[in-house]
Amino acid sequence: MSPNSNFASCPLFTHKTALFSIAMLLMTALPVPAQQPSQAPQQTQTSQIPALQPPPPDFVYPERQTLIYSVDWRVFTAGTAVFHLERQGDVQKITASGDSVGAVTMLFPVVDTFQAGFNTKTGCSTGFSKQLLEGRRKVSSVLTFDYAAGKQHQIEKNLVKGTEKEQTASIPPCVTDSLSAIFYAASQPMVVGQSFKLPLADSMRTVTVTMKVEAKEEIKTPAGTFQTIRVQPTADEGVVKNRGNIWIWYTDDARHMPVQMRARLFWGTITAHLQSYDAK
């Protein structure tokens, strides 16, 4: 593995929304340092954002699927992450959770849940919400997209302070979100040495994420041994730049099921290994 390019992945450490949801799930299983306030992000010009390519017509998303991962930090298991997918008409619904376990729970308990969905014909996200219980922090937020108006709208509530904040920003005609991106990407061709780009809306901005298809590898997980394709998401700008690296290993077959995910950050590396999967 040659982690030469940077991908920002520490927004959770600053209690900002993450560029990529697996980073959320991986990192929410770990203790985080105190948040420092940051400036509001500047919206990228939509003319610089690539169009989201619709999934190929012959790509079939699972009607129902549950993926369970163990999240390892150094030599011990720090948490678990669970993804549940369910297709409802033309919408792929995704529910994800990240929970700390063992000693990490004693130091910094985490019980986070995320919901998202996207249209299986267009790839466009239908929205993204999250409920974060991290130590003494309790936050919920709902992000919705109004494509006709070209706007994203977010309502974030601090459940400890009892405060609420609403924000609105422009979006391109079709975007993905931090959670849907993992499974939308599975529909795209993965050829080693090539890459594809997607517009990802989060934290009141839209950034271009490049999915670099780096190599084919055999990966052993508790759920079995898989022939995989290693993909590295990178971002060239935004609040998530130059803060670490993330890789996702998709099965090298028509499913492109994510079987391993890794975030290499300034304080260490965390890896999510597929523990089990089923069609429930």
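The questions below concern strand 12 and the salt bridges of this predicted model.

Q: How many residues of strand 12 are buried?
A: Strand 12 covers residues 244–251. Gly244, Ile246, Ile248 and Tyr250 point one way from the strand, while Asn245, Trp247, Trp249 and Thr251 point the other way, and all are buried. The strand is thus mostly covered, and the number of buried residues is 8 of 8.

Q: Which residue in strand 13 is the bridge partner of Tyr250?
A: Strand 12 pairs with strand 13 (residues 258–265) in the antiparallel sense, over 7 bridges. The two strands form a hairpin with 6 residues between them. Within this pairing, the bridge partner of Tyr250 is Pro258.

Q: Which residue in strand 12 is the bridge partner of Thr228?
A: Strand 11 (residues 224–235) runs antiparallel to strand 12, and 4 bridges join them. In strand 12, the partner of Thr228 is Thr251.

Q: How many residues apart in sequence are the parts that Asp252 and Lys216 tie together?
A: The side chains of Asp252 and Lys216 meet in a salt bridge, with 3.3 Å from N to O. Asp252 lies in the loop between strand 12 and strand 13 and Lys216 lies in strand 10, so the separation of the parts they tie together, in residues, is 36.

Q: Is Arg230 buried or exposed?
A: Arg230 forms a salt bridge with Glu214, and their closest N and O atoms are 2.7 Å apart. Together with Glu217, these two residues are linked in a network of salt bridges. Glu214 is buried, and Arg230 is likewise buried.

Definitions and conventions: Residues are numbered from 1 along each chain as its sequence is written. This is a predicted model: local features need pLDDT of at least 70, side-chain atom pairs count only at pLDDT 80 or more; totals for chains, interfaces and linings use all residues. Side-chain values use heavy atoms; hydrogens and water are left out. Buried means under 20% relative accessible area, exposed over 50%, partly exposed in between (1.4 Å probe, protein chains only). Helices (H or I, at least four residues) and strands (E, at least two) are DSSP runs, numbered from the N terminus. Two strands pair if DSSP finds at least two bridges between them. A salt bridge is a side-chain nitrogen of Lys or Arg within 4 Å of a carboxyl oxygen of Asp or Glu.
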